Amino acid sequence: MGCTCLMSWFGGIVAHCRCVKASLHRGRPGIRISQSRVAKKGKQDGTGVRGDAKTASRRGRRPSARSQKPAGVQSSPRRRRTETEKRSTFYIRRLIKWFFVFLVLVALTPFVLMLAYAPSTVHPVSTLMITKWLSGAPAKRQWVALEDISPFVYQSVVSSEDGQFCAHNGVDWNAIDLVVDDLIEGERPRGASTIPMQTVKNLFLWNSRSYVRKALELPLALAADWAWSKRRMMEIYLNIAEWGPGIFGIEAAARHHFRKSAKKLTRRQAALLAVSLPNPILRNPRKPSRGLLRLARLVEKRARQSGAYVKCLR
């Protein structure tokens, strides 16, 4: 390669440096050809800048810098696809991230509500009550403090539903061991649900039976037993339990079935209400069947001897 400088007096002295290609022809010094002549010749024979790139690619050499596409030229379809895929991946990752954030918030909501329900001035509602209100179905409930409820009621409920209420920490692990043994032996499992488990089920979960719901009840019951006192636990349970179609709470149940307040219930009436809890839609305390009366007499007998089992509620 060589460089020659040509002087021109047109409009002043201007120095133009142009590089031309030097070549040898039959052993003689090559003839220097100016770039303008090369470009002119390229136009005539169809080569030039684009032809130089094509010729170089055919010969296996890299095209010169001038033969490459300048900036601003439209990108290839493959490059556009790559940019679209990157953008789609970005939005998918963001969607997955917000979905997991939503799941975490849903999982933490019951634990936050437990702390909010700890004061006795707060009157929680169950998910079933909310469902009935949203659907327009009737739902009666009148909140009463534990002091305004007959002691016969919680004595009968503990004797019927959870005899170890004052002893366990929300979950009766001995009863769960018996359920596991029954499942292993192929027998029908007995009930192992405690009052804390039923309370958190009514407050935060659904009513249909499933192993998923039972698995969720365990950590929620442990947390509720830690956050609330035993008296507060019993007060919430008696005020959100369903005692008939659209009848929620012990006060509404006492007035609906026996035309009296919860504070004036007798032992037999309290026992009848307690044994109707497992299936309040089919079991009617006001018109009990023979089987329901037999269960009520058994619970009433246990309630008379439940002094040591309800000491945490006094």
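**View 1. Strands S4 and S5 run antiparallel and are joined by two bridges.** Welcome to a predicted model; this first close-up looks at strand S5, residues 247-248, and its link to S4. One residue pair to look for is Glu242 and Phe248: Phe248, in S5, is the bridge partner of Glu242. As background, strands in a sheet pair through backbone hydrogen bonds, in either a parallel or an antiparallel way.

**View 2. Three strands make an open sheet.** Follow the order S3-S5-S4 across the sheet, and note that the pairing is mixed. Strand S3 (140-141) and strand S4 (242-244) are the edge strands; each has a single partner strand, so one side of each has no neighbour in the sheet.

**View 3. Helices H7 and H9 pack at an angle of about 50°.** Here you can find H7 at residues 195-204 and H9 at residues 230-240, with their axes 10 Å apart. Their angle makes H7 oblique to H9. The crossing of H7 past H9 is left-handed.

**View 4. Helices H10 and H11 cross at roughly 110°.** H10 covers residues 250-258 and H11 covers residues 267-275, and their axes come within 12 Å. This makes H10 roughly perpendicular to H11. The handedness of the H10 and H11 crossing is right-handed.

**View 5. Seven side chains to look for: Ile92, Ile96, Phe99, Phe100, Phe102, Leu103 and Val106 form a nonpolar surface patch.** The patch has an area of about 690 Å². To get your bearings, start at Ile92, which lies in helix H3, residues 77-116.

Technical notes. Residues numbered from 1 in each chain as written. Predicted model: local features only at pLDDT ≥ 70, side-chain atom pairs only at ≥ 80, totals over all residues. Heavy atoms only, no water. Patch = residues over 30% accessible without salt bridge, like charges linked within 9 Å, V, L, I, M, F, W, Y side chains within 5 Å. Areas by Shrake-Rupley, 256 points an atom, 1.4 Å probe, with all protein chains shown as cover. Salt bridge = Lys/Arg side-chain N within 4 Å of Asp/Glu carboxyl O. Helix = DSSP H or I, 4+ residues; strand = E, 2+ residues; numbered from the N terminus. Pairing = 2+ DSSP bridges. Axes fitted to C-alpha atoms, helices over the stretch in contact; angles between N-to-C directions. Parallel < 35°, antiparallel > 145°, perpendicular 65-115°, else oblique. Left-handed = near helix turned anticlockwise from the far one by under 90°.
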